[in-house]
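The following exercises concern the contact between two chains in a predicted model. Each task is followed by a worked solution.

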2 protein chains.
Amino acid sequence: MDINEYFANRCTVRNYTDKEIDPALLMQMLEEAAHAPNTGNMQLYSVIVSRTPEEKAALAPMHFNQPCATGCSVLLTFCIDINRFRRWCEANHAEEGFGNSQMLLASAIDASLFAQQFNTIAELNGLGCCYLGTTAYNAAEIAAILKCPDGVVPLISLAVGYPKGEGNRSDRLPIGSIVHFGKYDDYDYSRIKSVYADKESLEESAEFIAQNNKETLAQVYAEVRYPKATNELFSKSLDEYLDRTFFKK
Amino acid sequence: MDINEYFANRCTVRNYTDKEIDPALLMQMLEEAAHAPNTGNMQLYSVIVSRTPEEKAALAPMHFNQPCATGCSVLLTFCIDINRFRRWCEANHAEEGFGNSQMLLASAIDASLFAQQFNTIAELNGLGCCYLGTTAYNAAEIAAILKCPDGVVPLISLAVGYPKGEGNRSDRLPIGSIVHFGKYDDYDYSRIKSVYADKESLEESAEFIAQNNKETLAQVYAEVRYPKATNELFSKSLDEYLDRTFFKK
């Protein structure tokens, strides 16, 4: 596959054939992905592989039963992990202090870079992937199912399998509206209208507005898909879970 | 470049020639990188490009004057960004509620996937990159320099340039110690010794222990490089900055 063509055309794949991923290929891809950069080469992450129908079915409700959670060949749960580092310190008379927000953020970044490197490698090997944006919503419940000890936080879930049919190629905002030079160039009313103009003019945007009985596309995103009350409810449970198991407050 | 060879051999590059990155190439790579997956296709991130010697020099102290911060061709600061989404909502009579921990984590993941996709694309285009693990340490100060408004949090900095000399190929833990099947398989004493055995036996590990007058490699990591007092100090300033500008507590 031509590499520039790949990056310019990659897309999320939510439907998969029944073909299983060869376990040796999976490990090889994960091993290559672990060469993604990470903070201080501490590798503060783990990945939990759910392969059997039972393992995937147990997690599916935590992902609001999105079909790709059970339809995939493997469901990967990438976790923040300061537990392994802690065990190493315990075995080596070292005093660690990693249960704080800097280390949470550093390990979340590292787990994300690892996940994305895997996603790229898997797609280049002919697989299709779909990130499930639901992991942090039910992190405590997923941690319980996967027997994660304190310091191991489920962060990202990735469904992986051989593609059935075409993937979805999503629109993106104009790159000039994402990139700033020298300093952040804030958006006034006329610029913000121009940033979102193409997105708002998509045929599907009009459908989303009509289906949801709203007046603007921004209302669909902010009030229907990611409404304040839901965000705050799930944030409260995430905060409580992190306070209890990661920050130990 | 053979793609499998690339993933199996990629490494961080900290030294760069004087050759500048063509601005059109930079934008093309950023545009391709923005096709990385993101939460709900909201693209809750921005990237700020520092190109001039003055722009890079202003940021360098915030990165503890690591030479690659000024020696690179461009220094990219990838930011969490809920400000652009908010401006869109304001312009469209939509009520948003994104200043909470779920959206902080979602946008941190999205910014990380975008950064890593860029890193891969840049390396495949012959560039060398180095993540600076210091951005969240001085997020408030970096935000002030880059004029980031509330809701825009500097998260990841990436130095990019044409490589001078060879990069550093870092060791990694055995992949079997990172990957768990079905559930998290916690580490007992004998397993943790085996997980870190290769790392501890590296020649450089003995040097680190001797240089720092410590007894074990774990002590070098936990007590010298990432000591509890430092982690907690920088976490306090990060927490205060996020409370003030992101959570608006």
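**Exercise 1.** Determine which strand of chain B pairs with strand E5 of chain A, and in which sense.

*Solution.* Begin with strand E5 of chain A, which covers residues 179-181. Its partner is strand E1 of chain B, residues 45-50. The two strands run in the parallel sense and are joined over 3 bridges. Within this pairing, Val179(A) is placed opposite Val47(B).

**Exercise 2.** State how much area is buried between chain A and chain B, and which three residues of chain A supply the most.

*Solution.* First, count the residues in contact: 105 of chain A meet 105 of chain B. Next, take the buried area, which is about 10,100 Å²; carbon and sulfur atoms give 62% of that area. Finally, turn to single residues of chain A: Trp88(A), Gln102(A) and Tyr184(A) supply 8% of the area that chain A buries against chain B, more than any other three residues.

**Exercise 3.** Describe the salt bridges and polar contacts across the interface, then the make-up of the side of chain A that touches chain B.

*Solution.* The rule finds 2 salt bridges between the chains. A salt bridge requires nitrogen and oxygen within 4 Å; Arg87(A) and Asp186(B) form one, with their closest N and O atoms 2.8 Å apart. Polar contacts link 68 residue pairs across the interface, both residues being at pLDDT 80 or more. On the side of chain A that touches chain B, helix H6 (residues 101-124) gives the most, with 14 residues. By class, the residues of that side are 52 nonpolar, 30 polar and 23 charged.

Notes
Residues are numbered from 1 along each chain as its sequence is written. Chains are lettered from A and ligands numbered from 1 in the order in which they are written. This is a predicted model: local features need pLDDT of at least 70, side-chain atom pairs count only at pLDDT 80 or more; totals for chains, interfaces and linings use all residues. Side-chain values use heavy atoms; hydrogens and water are left out. Contact means heavy atoms within 4.5 Å. Buried area is the accessible area (1.4 Å probe) that two parts lose on being put together, summed over both. A salt bridge is a side-chain nitrogen of Lys or Arg within 4 Å of a carboxyl oxygen of Asp or Glu. A polar contact is a pair of N or O atoms within 3.5 Å; within protein, one must be able to donate a hydrogen and the other to accept it, and residues adjacent in sequence count only if both atoms are side-chain atoms. Helices (H or I, at least four residues) and strands (E, at least two) are DSSP runs, numbered from the N terminus. Ala, Val, Leu, Ile, Met, Phe, Trp, Tyr, Cys and Pro count as nonpolar, Asp, Glu, Lys and Arg as charged, and the others, Gly among them, as polar. Two strands pair if DSSP finds at least two bridges between them.
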